[in-house]
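User: Could you walk me through the charged side-chain pairs here? I'd like to see the reasoning behind each one.

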Amino acid sequence: AVGESYGGESRVAGVSLHDTVEAFLFFRSAFAQLAMPVPGIAQPTDLAEAAGLHARLDRFMDAILLGVIAGFEKQGA
């Protein structure tokens, strides 16, 4: 829903799909850096746990991106 809203608002504002996705990718990178463990703060205890966190973050951001595209393409929104 968040992605669809962002995509729809971008289309209504006259932003191209290319520029909308480019902005998403810029913020995706920043979000990923914020979401990953920081030295000195509680972190996954092993490599498998860290890899799982990274995979969940990727799936989450992929779902948002697909929502952005769907919202952008939705007619009458």
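Analyst: Sure, here's a short run through the salt bridges in this predicted model.

User: How many salt bridges are there?

Analyst: A pair counts when a Lys or Arg side-chain nitrogen sits within 4 Å of an Asp or Glu carboxyl oxygen. Glutamate 4 and lysine 74 pass at 2.8 Å, and arginine 28 passes with aspartate 58 at 3.5 Å and with aspartate 62 at 3.0 Å. By that rule, the count is three.

User: Which parts of the chain do glutamate 4 and lysine 74 tie together, and how many residues apart are they?

Analyst: Glutamate 4 is in helix H1 (residues 2–12), while lysine 74 is in the segment after helix H3 (47–73). So the pair ties together parts whose separation in sequence is 70 residues.

User: Is arginine 28 buried or exposed?

Analyst: Buried means under 20% relative accessible area. Arginine 28 has 16%, whereas its partners aspartate 58 at 31% and aspartate 62 at 37% are partly exposed. So arginine 28 comes out as buried.

User: Which helices does the arginine 28–aspartate 62 pair link?

Analyst: The two residues are 34 apart, so to speak, in distant parts of the chain. Arginine 28 belongs to one helix and aspartate 62 to another, namely H2 and H3.

User: Which residues are linked in a network of salt bridges?

Analyst: Arginine 28 bridges to aspartate 58, and arginine 28 also meets aspartate 62. That puts them in one network: Arg28, Asp58 and Asp62.

Key. Residues are numbered from 1 along each chain as its sequence is written. This is a predicted model: local features need pLDDT of at least 70, side-chain atom pairs count only at pLDDT 80 or more; totals for chains, interfaces and linings use all residues. Side-chain values use heavy atoms; hydrogens and water are left out. Helices (H or I, at least four residues) and strands (E, at least two) are DSSP runs, numbered from the N terminus. Buried means under 20% relative accessible area, exposed over 50%, partly exposed in between (1.4 Å probe, protein chains only).
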